[in-house]
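Let's take a friendly walk through a protein model together. Have the sequence and the structure open as you read, and look up each residue when it is named.

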Amino acid sequence: MSANDEFFRSKKAAAALKHGILKRYPVVFASKTGQGNPVVFLDGYAGRGEYEGGEPGSPLLLSRCAEFVQGFRDVLAFFVEQDPDSFANLEQVLRLKGGAVQRELRQGSLDQHLPELLARAKGASLFAFLDPFGPALDFDLIKTRLLGRPNWPPTEVLLHFSVSSVARMGRAVYVAAERPGGLSDSDRRTAARLDRFLGGDWWRSYFAEVTDTGDEQRATDVALRVAERYARDLTQGSAYQAVQMPVRPRPGLAPKYVLALFTTHGEGAWHFADTLGKAGVEWEEAWVQDQIRRGEHSANTLFGDGPVFDAEQYKAENAPRWSRAIERNIVEILNQRRQVRIVDKVPEVYGEVLGQAWAPHVRQAVKSLHRQGLISQPGTGDFWKEVVWRP
Ligand SMILES: C[S@@+](CC[C@H](N)C(=O)[O-])C[C@H]1O[C@@H](n2cnc3c(N)ncnc32)[C@H](O)[C@@H]1O
């Protein structure tokens with residue numbers, strides 16, 4: 001069974017977070033950046049359009065966003081898919097279920113169709129979603145051709161960094177390099193693939209601490225550090241910042257991938273974190289349902305005798321903890337400096353509750369700190385754009 005067949009057979013819980021973002025964030029992006037200029041949504045690794053069970057894939061979710069905003073924005077959705085069979089499926093799914101939106105579909109590689117896309121997106125704001133299997137992206141393509149576009153209208157890239165593949169491939173290359181005889185041809189190809197993805201061979205030294213082939217946990221930790229350096233390298237020398245969200249199949253398991261948004265605007269980071277939190281509720285529901293389906297959890301032991309997953313109960317039970325964590329993070333930031341704008345420090349403000357909490361929980365935290373006399377900002381209006389002082 002190919003990676004494609006396996007992937008589209010059923011939607012995994014880890015995909016729920018990605019799709020929770022794609023349901024919401026492109027609408028915010030188009031609303032904020034598309035006043036007076038067109039908007040382009042690119043799905044560069046589009047896939048089949050939907051899963052075998054009929055759940056929408058990224059192309060249908062982006063199409064729905066385009067449909068929603070087209071009443072007030074000039075929007076084009078551009079899809080690229082390399083595999084001919086998946087492309088045929090994608091065409092059909094979009095024709096039947098993709099709505100009456102302006103769209104272009106291209107069969108082939110993203111690399112091949114990028115020049116046309118960039119020409120069509122000239123003068124438009126661009127939201128690019130890049131979701132390949134494994135470490136298949138090209139560092140230079142992203143850094144130079146996407147993030148290197150003029151600053152206005154804005155370009156944002158949301159990409160999938162496969163932690164599990166980088167861990168597996170990076171460790172394999174390191175272990176092979178240490179063996180007598182060194183790298184085989186196949187190891188060399190793996191290394192070249194990672195070099196292209198990560199923009200150099202610097203990652204090899206990161207894996208030096210993974211001592212044997214069974215050292216999975218450590219390889220994952222290393223891959224997460226590699227993901228951080230990758231984001232730093234992509235943003236270095238530019239106005240971009242990255243908001244990175246490690247995505248796990250369920251709590252307690254190692255992250256499978258990191259979803260990273262590259263944006264030049266604090267507002268982009270703010271709204272992205274907000275949608276991450278909302279999507280986090282869907283992720284929570286997806287992994288709980290998954291466990292119940294496999295018989296590894298009974299609904300009753302988790303959430304009483306009521307519905308299998310009660311989103312309202314989940315939110316009510318966790319909101320106080322989320323707001324307390326955010327309070328602590330704001331205090332920590334203000335210990336380093338006397339003032340801050342939340343919009344300039346979004347990942348730090350959310351900290352460990354990124355992907356769980358969202359905007360109202362930040363507001364709660366700010367209000368609480370204000371009540372305690374610890375900050376100047378009362379948490380009203382667009383508090384997140386304003387300066388917060390430590391009196
Ligand atoms: C993970 S799947 C996409 C899933 C989809 N984004 C979703 O959420 O429903 C990755 C897809 O990228 C396609 N692909 C692989 N290499 C590609 C390339 N160079 N350019 C465009 N598509 C490619 C694969 O055939 C596969 O269908």
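We can begin in a loop: Pro153 is found in the stretch between H6 and S5. Keep in mind that this is a predicted model. The peptide bond that joins Trp152 and Pro153 is cis, with omega at about -5°.

Gly148 also has its place in the loop between helix H6 (139-146) and strand S5 (155-162). Is Gly148 buried or exposed? A residue is called exposed if 12 or fewer other C-beta atoms lie within 10 Å of its own. Gly148 has 12 C-beta neighbours inside 10 Å, so Gly148 counts as exposed. From Gly148 to Ala119 is 29 residues along the sequence and 14 Å in space, C-alpha to C-alpha.

Now for some helices. The table sets three of them side by side.

| Helix | Residues | Length | End-to-end C-alpha distance | Expected span |
|---|---|---|---|---|
| H2 | 13-33 | 21 residues | 31 Å | 30 Å |
| H8 | 185-198 | 14 residues | 20 Å | 20 Å |
| H15 | 359-371 | 13 residues | 19 Å | 18 Å |

Start with H2. Helix H2 is mostly covered, as 15 of its 21 residues are buried. At Arg24, H2 bends by about 30°, and the proline Pro26 follows within four residues. Another residue to find in helix H2 is Val27. How exposed is Val27? There are 18 other C-beta atoms within 10 Å of Val27, and it is partly exposed. Setting aside neighbours within four places in sequence, Val27 is in contact with Cys65, Phe68 and Val69. If you want a partner from much further along the chain, try Pro347: Val27 and Pro347 are 320 residues apart in sequence and 21 Å apart in space, C-alpha to C-alpha.

Next comes H8. Which residues of H8 are buried? They are Thr190, Ala191, Leu194, Phe197 and Leu198. These residues cover an arc of only 125° around the axis, so they sit on the same side of H8. Turn the helix around, and the face away from the buried side carries the exposed residues Asp185, Arg189 and Ala192. The cover over the buried residues of H8 includes H6, helix H7 (163-178), helix H9 (203-206) and helix H10 (216-235). After H8 comes Gly199, with a positive phi near 75°.

H15 can be read in a similar way. Its buried residues are His361, Val362, Ala365, Val366 and Leu369. They cover an arc of only 140° around the axis, which puts them on the same side of H15. What do the buried residues of H15 pack against? Their partners are helix H13 (311-336) and helix H14 (346-350). H15 is followed by Gly373, whose phi is positive, near 75°.

Finally, find the ligand. How many residues surround the ligand? There are 18, and the closest are Tyr45, Gly47, Gly57, Ser58 and Gln82. Helix H1 (3-9) and strand S2 (75-81) are the elements that give two or more residues to this shell. Sorted by class, the shell around the ligand has eight nonpolar, seven polar and three charged residues.

Notes. Residues numbered from 1 in each chain as written. Predicted model: local features only at pLDDT ≥ 70, side-chain atom pairs only at ≥ 80, totals over all residues. Expected span 1.5 Å × (residues − 1). Buried ≥ 20, exposed ≤ 12 C-beta atoms within 10 Å, placed from the backbone. Arc of directions from axis to C-beta. Contact = placed C-beta atoms within 7 Å. Near = placed C-beta within 6 Å. Nonpolar A, V, L, I, M, F, W, Y, C, P; charged D, E, K, R; others polar. Bend = angle between axes of the 7 residues up to and from the residue.
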